[in-house]
Amino acid sequence: MIPGRSSRTRSAVWNSLVDRQPPPLFMRFLKRMGSGINSHGMIADGDRVLVSVSGGKDSLALALGLRMRQRFVPIDYELVPVLINWREHPHQPDALEGLRAFFDALGTPLTVIDADMKPESFGGRFDCYRCGRNRRRILFDIVREWPGRPLIATGHHLDDVVQTTLMNMTMRGSFSTMKPVQEFFGDTVRVIRPLCEVREQMVLDVARAAELPVSNIDCPFRQKNIRSRIGPVVERLAAINPGARENIYRSLTNIEHEYLP
């Protein structure tokens with residue numbers, strides 16, 4: 001965010017991105033995001049999409065992209081941004097105010113739900129996996145009340161998919177990853193990842209150019225999780241082959257066709 005910018009000025013920037021022809025960077029972003037959405041049939045006419053908001057650059061760029069995309073696609077869908085605000089590590093009041101202003105400018109008001117990060121059912125055990133599972137549980141409880149087959153959109157990008165693939169291979173001996181579209185409860189709820197074909201660097205460029213009001217909580221696992229150590233490995237692979245990320249992503253579907261007996 002540019003120092004000294006007033007909230008009114010930033011809101012005008014966000015309004016213009018939604019209401020006017022976006023600059024080239026944002027059009028490239030929409031094209032990459034649209035490729036992932038269309039390739040996997042993520043969003044259809046009349047869908048209601050809960051956007052899982054963390055406050056980080058990824059989920060904010062996702063929300064902006066989905067909102068901007070509505071100007072260019074021949075379908076209508078509803079966006080419902082929801083932020084789970086952990087009581088143990090909450091967002092600061094001024095940060096929440098900035099996030100609310102951002103979503104108001106997009107015309108999609110933000111819902112904030114205060115919740116316990118470590119429920120008693122975890123028995124004192126806690127890590128990034130359990131945190132993510134707890135967040136999903138809360139979001140699932142929300143959308144279960146919705147008619148039809150609701151969608152939950154998360155901000156996982158291409159680098160997240162690649163890192164998860166390598167983590168599963170090296171730590172668990174499993175050739176698997178987070179799917180672009182994941183079905184739950186007999187396909188009554190779907191989690192979608194519209195940024196699955198977007199590199200993290202492009203997400204970062206969009207976040208900076210749009211002056212997104214990024215808010216990161218004081219997470220005790222931020223620098224200790226495995227993902228933070230796998231990221232540099234992906235960078236080294238990309239130094240050998242610039243298309244390494246995309247090739248790892250494609251390998252998850254290609255292996256099903258190339259190695260069947």
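Modeller: Let me start with a term we will need: a nonpolar core is a set of buried Ala, Val, Leu, Ile, Met, Phe, Trp, Tyr and Cys residues joined through side-chain atoms within 4.5 Å. Please keep in mind that this is a predicted model.

Biologist: Thanks! Which residues of the largest nonpolar core touch the most other members?

Modeller: In soluble globular proteins, nonpolar side chains tend to be buried together. Here the largest nonpolar core has 57 residues. Those that touch the most other members are Ile43, Leu64, Leu66 and Leu212.

Biologist: And which helix gives the largest share of this core?

Modeller: The largest share of the core amounts to seven residues. Apart from this core lies another one of 17 residues, including Ile84, Phe140, Val143 and Ile152. Back in the largest core, the seven residues come from helix α3 (residues 57-69).

Biologist: What does the secondary structure of the chain come to?

Modeller: Let me set the scene with the whole chain. It has 261 residues, of which 47% count as buried. Among contacts with a separation of 6 or more, 79% are between residues 24 or more positions apart. The secondary structure comes to nine helices and six strands.

Biologist: Asp58 is found in helix α3. Does it count as buried or exposed?

Modeller: Asp58 touches Gly155, His157, Asp160, Leu195 and Val203, leaving aside residues up to four places away in sequence. His156 is 98 residues from Asp58 in sequence, yet the two C-alpha atoms are 7.0 Å apart. The cut-off for burial is under 20% relative accessible area. Asp58 has 18% relative accessibility, so the answer is buried.

Biologist: Let's turn to helix packing. How are α6 and α8 oriented to each other?

Modeller: Two packed helices are described by the angle between their axes and the distance between the axes. For helix α6 (residues 158-172) and helix α8 (residues 226-240), the axes are 9 Å apart and the angle is about 105 degrees. Angles of 65 to 115 degrees fall in one class, so α6 and α8 are roughly perpendicular.

Biologist: By class, which residues does the contact of α6 with α8 have?

Modeller: From α6, the contact draws on Asp160, Val162, Gln163, Thr164, Leu166, Met167 and Met171. From α8 come Ile226, Arg227, Ile230, Gly231, Val234 and Leu237. Sorted by class, they are eight nonpolar, three polar and two charged residues.

Biologist: On to charges. How many salt bridges does the count come to?

Modeller: The rule asks for a side-chain nitrogen of Lys or Arg within 4 Å of a carboxyl oxygen of Asp or Glu. One example is Arg137 with Asp141, at 3.8 Å from N to O. These two residues lie four residues apart in helix α5 (residues 128-143), about one turn of the helix. By this rule the count is 14.

Biologist: The side chains of Glu197 and Arg32 meet in a salt bridge. How many residues apart in sequence are the parts that the pair ties together?

Modeller: The N to O distance in this salt bridge is 3.3 Å. Glu197 is in the loop between β6 (189-192) and α7 (200-209), while Arg32 is in helix α2 (residues 24-39), so the parts tied together are separated in sequence by 165 residues.

Biologist: And of those partners, is Glu197 buried or exposed?

Modeller: Its partner Arg32 has 33% relative accessibility and counts as partly exposed. Glu197 has 12% relative accessibility, which makes it buried.

Biologist: Which residues do salt bridges that share partners join into one network?

Modeller: Start with Asp187 and Arg149, whose closest N and O atoms are 3.3 Å apart in a salt bridge. Asp187 lies in the loop between β5 (181-184) and β6, and Arg149 in the loop between α5 and β4 (151-153), so this pair ties together parts 38 residues apart in sequence. Through shared partners, the network consists of Arg149, Glu183, Asp187 and Arg190.

Biologist: Asp187 has a positive phi near 65 degrees. Where is the place of Phe185, which has a positive phi too?

Modeller: Phi of Phe185 is about 55 degrees, although this residue is not a glycine. At 41% relative accessibility Phe185 is partly exposed, and Asp187 is partly exposed as well, at 22%. The place of Phe185 is the loop between β5 and β6.

Notes
Residues are numbered from 1 along each chain as its sequence is written. This is a predicted model: local features need pLDDT of at least 70, side-chain atom pairs count only at pLDDT 80 or more; totals for chains, interfaces and linings use all residues. Side-chain values use heavy atoms; hydrogens and water are left out. Buried means under 20% relative accessible area, exposed over 50%, partly exposed in between (1.4 Å probe, protein chains only). Axes are lines fitted to C-alpha atoms, for helices over the stretch in contact, and angles run from 0 to 180 degrees between N-to-C directions. Angles under 35 degrees count as roughly parallel, over 145 as roughly antiparallel, 65 to 115 as roughly perpendicular and the rest as oblique. Contact means heavy atoms within 4.5 Å. Ala, Val, Leu, Ile, Met, Phe, Trp, Tyr, Cys and Pro count as nonpolar, Asp, Glu, Lys and Arg as charged, and the others, Gly among them, as polar.
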